[in-house]
Amino acid sequence: MPTFTVIGPGAVGLYLTCRLKSSGNEVILIDHSKERSSTLTENGLTLSSKKGEEVYEVEAFAGLENGPGSGGCIICLKSYSFRNLIDEYEEELLKYSPLIVVQNGILWLDVIAKSRLKNHV
């Protein structure tokens, strides 16, 4: 199974991680906070549904230094955080394919169009 990288462990990123894990995929979570990354790795994720609670083990890191996963990268950030991600990690993000952006709105398109990532999305 492929290994996906999910950037942004908010509601959308964590839900996608649970769904990918439930399908048998490996997932690496990326957060800007070392403390939160450690907590996610130590405690895992619990998804509550009508079926009950499902718990998933996950590896979380505070940066992209671990390299790309074979399944590509899913970016789940608010628009105001997206520019910072590109500014800080553009070179590392070029290694990911596909690069999938899950965001409400299209403000991220301008940011991508002005970067070297425009052919990776």
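Is L77 buried or exposed in this model? At 19% relative accessibility, L77 counts as buried. Keep in mind that everything in these close-ups comes from a predicted model.

**View 1. L77 sits in a loop and touches residues from several places in the chain.** Look for L77 in the loop between strand 6 and helix 3. The cut-off for calling a residue buried is under 20% relative accessible area, and L77, with 19%, makes it into that group. Skipping residues up to four places away in sequence, L77 touches I7, G8, F82, L85, V102 and Q103. Now find V101: L77 and V101 are 24 residues apart along the chain, yet 8.3 Å separates their C-alpha atoms.

**View 2. Helix 3 has a bend at D87.** Helix 3 covers residues 79-93. If a helix of 15 residues were straight, it would span 21 Å, but helix 3 spans only 17 Å between its end C-alpha atoms. Follow the helix along to D87 and you'll come to a bend of about 55 degrees. D87 itself is exposed, with a relative accessible area of 55%.

**View 3. Helix 3 packs its buried residues against strands and another helix.** Which residues of helix 3 are buried? They are F82, L85, I86, Y89, E90 and L93. The packing partners of these buried residues are strand 1 (3-7), strand 6 (73-75), strand 7 and helix 4 (107-113). You've already met F82 and L85, since both are among the residues that L77 touches.

**View 4. D87 and R83 form a salt bridge within helix 3.** Zoom in on the side chains of D87 and R83, which meet in a salt bridge at 3.1 Å, N to O. Why are these two separated by about one helical turn? It's because they are four residues apart in helix 3. R83 is partly exposed, at 33% relative accessible area, while D87 counts as exposed at 55%.

**View 5. E90, E91 and R116 join up in a network of salt bridges.** The structure holds five salt bridges, and this close-up puts R116 in the middle of the story. The side chains of R116 and E90 meet in a salt bridge of 3.8 Å, N to O. E90 lies in helix 3 and R116 in the segment after helix 4, so this pair ties together parts that are 26 residues apart in sequence. R116 also forms a salt bridge with E91, and here the closest N and O atoms are 2.5 Å apart. That second pair links distant parts of the chain too, with E91 in helix 3 and R116 in the segment after helix 4, 25 residues apart. As for accessibility, E90 is buried, whereas E91 is partly exposed at 47%. R116 is partly exposed as well, at 47%.

**View 6. V12, I100 and V102 make a nonpolar patch on the surface.** The patch made by these three residues has an area of about 210 Å². I100 is found in strand 7, which runs over residues 99-101. With a relative accessible area of 37%, I100 is partly exposed. V102 should look familiar, as it's one of the residues touched by L77.

**View 7. N25 is tucked into a loop as a buried residue.** N25 is placed in the loop between helix 1 (11-22) and strand 2 (26-30). Its relative accessibility is 9%, so N25 counts as buried. Leaving aside neighbours within four places in sequence, N25 is in contact with M1, P2, F4 and L20.

How values were computed:
Residues are numbered from 1 along each chain as its sequence is written. This is a predicted model: local features need pLDDT of at least 70, side-chain atom pairs count only at pLDDT 80 or more; totals for chains, interfaces and linings use all residues. Side-chain values use heavy atoms; hydrogens and water are left out. Patches are made of residues with over 30% relative accessible area and no salt bridge: like charges are joined within 9 Å, nonpolar side chains (Val, Leu, Ile, Met, Phe, Trp, Tyr) within 5 Å. Accessible areas come from the Shrake-Rupley method with a 1.4 Å probe; for residues, only the protein chains shown count as cover. A salt bridge is a side-chain nitrogen of Lys or Arg within 4 Å of a carboxyl oxygen of Asp or Glu. Buried means under 20% relative accessible area, exposed over 50%, partly exposed in between (1.4 Å probe, protein chains only). The expected span of a helix is 1.5 Å times one less than its number of residues. The bend at a residue is the angle between axes fitted to the seven residues ending there and the seven starting there. Contact means heavy atoms within 4.5 Å.
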